[in-house]
Amino acid sequence: MPRIAYDEIADAYAAIVAAALIDPTSVLGVATRCLLATVGPVTDLDVCDLGCGEGHLARSLAERRGRVVGVDLSARLLTLARARTPDSTVVFVRDDAQRLNALRDGAFDLVVANLALTDVPDLGATYRAVRRVLRPRGRFVFSITHPCFQAPGASIDLDGEGQFAGRRVGRYVAEGFWRSTNEEGIRGRVGAYHRTLATYLNGLVAVGFTIRGLVEPTLPPDRSHDPYVQGQARVPSVLVIDAGRPTGLDADAAATIA
């Protein structure tokens, strides 16, 4: 098994997640709320939380009466997830999102991934694995940091009064692995894979998914003097994509070709 970066920072990562989830201005908080709203009711659905980490989203889905399996590659994060999840309401499985070898074909009505796909080197392989474990008419709903506005090297421009003026993006088309200059943040510690919007959407279509909808959540406008909060209200930091696994020969053929 290769070195798993999240095993080395699991406790720090879990602490960052806990703080972010109670901060209404955090990217994780915005993404989680929007993803859950996009998914809607999950009562009696079989749900896979892909890249579940310490299990916060899996627990929320279980509280909404879904039958949830959480999948992650980090053994340390899965240990934390099991310890924090009461009464075995979620089954946690160690597996690679690019393969999902531990999951059987057509096992799920819904697969979700919350800010997890930027950790995966092979997006196409992940899409194919997700499609395989979904039932016909199943859904794949995932959030990512918005690739158009949160690209490597992106920065905030301030006006003469130190308030938010805009977001500057200079390296959008340069796909690949990158690492944030913030050494204390998650992306500074483990890095991420940047991809264009076209790569995310065309990859879904190539393996037979249909695009059901896109959501670009923002914070409500307020009178905050924090440029970061102002920017979150004007430029989306998160993108949520809702994709469907259709039935029919065309979809099966697309997946086979891909």
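Which elements each supply at least two residues of the lining of the largest cavity? In this predicted model, a search of the whole structure finds 1 cavity of 30 Å³ or more, and the volume of the largest cavity comes to about 60 Å³. The elements asked about are the strand β7 (164–168) and the helix α9 (227–234), each of which contributes at least two residues to that lining, and it is α9 that gives the most, with 3 residues. Read in sequence order, the lining consists of Gln150, Ile156, Phe164, Arg167, Tyr228, Gly231, Gln232, Val235 and Ser237. Sorted by class, the residues around the largest cavity are 4 nonpolar, 4 polar and 1 charged.

From the cavity we can turn to the packing of helices. Two packed helices are described by the angle between their axes and by the distance between those axes. For α2 (residues 10–21) and α3 (residues 27–39), the angle is about 70 degrees and the axes lie 7 Å apart. Angles of 65 to 115 degrees count as roughly perpendicular, and α2 and α3 are therefore roughly perpendicular to each other. The crossing in which α2 passes α3 is right-handed. On the α2 side the contact is made by Val17, Ala20 and Leu21, while α3 contributes Leu28, Gly29 and Thr32. By class, this contact of α2 with α3 holds 4 nonpolar and 2 polar residues, with no charged residues.

Helix α3 also meets a further helix, α4 (residues 56–63), and here the axes come within 12 Å and cross at roughly 30 degrees. Because angles under 35 degrees count as roughly parallel, α3 is described as roughly parallel to α4. The crossing of α3 and α4 is right-handed. The residues that meet are Leu28, Thr32, Leu35 and Leu36 in α3 and His56, Leu57, Ser60 and Leu61 in α4; they divide into 5 nonpolar and 3 polar, with no charged residues in the contact of α3 with α4. Leu28 and Thr32 of α3 thus appear in the contact with α2 and also in the contact with α4.

A last stop is Arg187, which is placed in helix α7 (residues 186–190). Once its neighbours within four places in sequence are left aside, Arg187 is in contact with Tyr6, Leu115, Thr118, Asp119, Arg179, Ser180 and Ala192. Pro220, which is 33 residues away from Arg187 in sequence, lies 26 Å from Arg187 in space, taken from C-alpha to C-alpha.

Notes:
Residues numbered from 1 in each chain as written. Predicted model: local features only at pLDDT ≥ 70, side-chain atom pairs only at ≥ 80, totals over all residues. Heavy atoms only, no water. Axes fitted to C-alpha atoms, helices over the stretch in contact; angles between N-to-C directions. Helix = DSSP H or I, 4+ residues; strand = E, 2+ residues; numbered from the N terminus. Parallel < 35°, antiparallel > 145°, perpendicular 65-115°, else oblique. Left-handed = near helix turned anticlockwise from the far one by under 90°. Contact = heavy atoms within 4.5 Å. Nonpolar A, V, L, I, M, F, W, Y, C, P; charged D, E, K, R; others polar. 1 Å grid on protein atoms, 1.4 Å probe; cavity = no way out; pocket = protein on both sides within 12 Å on 5 of 7 lines; lining within 4 Å. Points joined across faces, edges and corners; volume = space filled by probe spheres on them.
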